[in-house]
Amino acid sequence: MTFKAAAIQMCSGVDPRKNAETMVRLAREAAAHGATYIQTPEMTGALQRDRAALRAILKDEANDLIAAAAAQLAGELGVYLHVGSTPIALAGGKIANRGLLFGPNGQKICDYDKIHMFDVDLDNCESWRESAAYQPGSIARLAELDFGKLGFSICYDVRFPELFRQQAVAGAEIMSVPAAFTRQTGEAHWEILLRARAIENGLFVIAAAQGGTHEDGRETFGHSMIVDPWGRVLASAGPTGEAVVLADIDVAAVHAARAKIPNLKNARSFVLDEVAPTGKGGVAA
């Protein structure tokens, strides 16, 4: 019921080969500290703002450098290695923002394609349209592993609590939130969202993040984090640069938190009644 988890913080560039080398080096460091579940951030393989340049370097999953390196390393180290996500070429020119989980035997357990696309317009003219290049996923994923049930999300998914709630109701004890949060949104919401998702679902949240100024010019928030079911931050990285964040995870704490505040069981269905004014001094019946 107890295991050591690691969240790897990176500052991925535009070259998948260099990023793969960084992933392998940091995953080895995590395993050397006893981690048996190791998570990397969103877009481990490449962060490239130029969509044409990104498509030019991408491969399908069967030929992807990051996937191959992770599978080999998971088997070598005898760990669960979770590539938080990496860009994968799809037919028709679209890209999958895909998470990949490999088991201690080096075999892929499952994948997860990010469901919610980051299409936003922020202050200071910062605008993103993920849907212009990426194909959204449509399947939530829950994996039953040796240490517990692991649910999946990627970055912007954290703003959609129904995704977390459905997985928690289905038995998720740990949720993964690999991310490349922008500096602007991270300063405002990163820790708050992670702690809220942990508290309202009574589960652990493991969130490996990108952190720093990247080769393509974007800035990511960093602060890779592991949060317990009571909302306490067990471990956290700084805002920039590489890091290996480690914490001991006791899955029994999930059931203890849910026993104290059984909101998953106490939830009730309801009908929303929208009341409109009928005129001065009165409301609809």
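Two strands are taken to pair if DSSP finds at least two bridges between them. Helices (H or I, at least four residues) and strands (E, at least two residues) are DSSP runs, numbered from the N terminus. The structure is a predicted model, in which local features need pLDDT of at least 70 and side-chain atom pairs count only at pLDDT 80 or more, whereas totals for chains, interfaces and linings use all residues. Residues are numbered from 1 along each chain as its sequence is written, and side-chain values use heavy atoms, with hydrogens and water left out.

In the open sheet with the strand order β5-β4-β3-β2-β1-β16, six strands are joined in mixed pairing. Its edges are formed by β5 (108-113) and β16 (243-250), each of which pairs on one side only. Neighbouring strands of this sheet are turned against each other by 25° on average, direction ignored; axes are lines fitted to C-alpha atoms, for helices over the stretch in contact, and angles run from 0 to 180 degrees between N-to-C directions. In general, strands of a sheet pair through backbone hydrogen bonds, either parallel or antiparallel.

Both senses of pairing occur at β3. Strand β3 (residues 80-89) is antiparallel to β4 (residues 95-102), with seven bridges between them, while β2 and β3 are parallel and share three bridges. On the β4 side, Val 83 has Leu 100 as its bridge partner, and Pro 87 is matched in β4 by Asn 97. Towards β2, the bridge partner of Tyr 37 in β3 is Tyr 80. The hairpin of β3 and β4 has five residues between the strands, and within this hairpin Gly 92 adopts a positive phi near 90°. Strand β3 is mostly covered, nine of its ten residues being buried; buried means under 20% relative accessible area, exposed over 50%, and partly exposed in between (1.4 Å probe, protein chains only).

Two helices lie across strands of this sheet. Helix α1 (residues 16-32) lies across β1 (2-9), β2 (37-39), β3 and β16 and runs at about 150° to β1, where contact means heavy atoms within 4.5 Å. Helix α3 (residues 65-77) lies across β3 and β4, at about 165° to β3.

Thr 40 is located in the loop between β2 and α2 (51-57). This residue counts as buried because its relative accessibility is 0%. Its side chain is joined to that of Thr 44 by a polar contact of 2.7 Å; such a contact is a pair of N or O atoms within 3.5 Å, and within protein one must be able to donate a hydrogen and the other to accept it, with residues adjacent in sequence counting only if both atoms are side-chain atoms. Apart from residues up to four places away in sequence, the residues touched by Thr 40 include Ile 8, Met 23, Val 83, Pro 178 and Ala 208.

A further open sheet of six strands has the order β8-β9-β10-β11-β14-β15, again with mixed pairing. Its edge strands, β8 (142-145) and β15 (233-236), each pair on one side only, and the twist from one strand to the next averages 20°. Within this sheet, β10 (residues 174-176) and β11 (residues 204-207) run parallel and are joined by three bridges, with Ile 206 in β11 as the bridge partner of Ser 176. Helix α4 (residues 161-169) packs on the sheet through β8, β9 (148-152) and β10, and its direction makes about 160° with that of β9. Helix α5 (residues 183-201) also packs on the sheet, touching β11, β14 (225-227) and β15, at about 30° to the direction of β14.

The axes of α4 and α5 come within 10 Å and cross at roughly 35°. This crossing is right-handed; a crossing is right-handed if the near helix is turned clockwise from the far one by less than a right angle, and left-handed if anticlockwise. Pro 161, Phe 164, Arg 165 and Ala 168 of α4 meet Arg 197, Glu 200 and Asn 201 of α5.

Positive phi values also arise in residues other than glycine. Cys 155, with phi of about 50°, is placed in the loop between β9 and α4 and counts as buried because its relative accessibility is 7%. His 223, with phi near 55°, lies in the loop between β13 (219-221) and β14; its relative accessible area is 21%, and the residue is therefore partly exposed.
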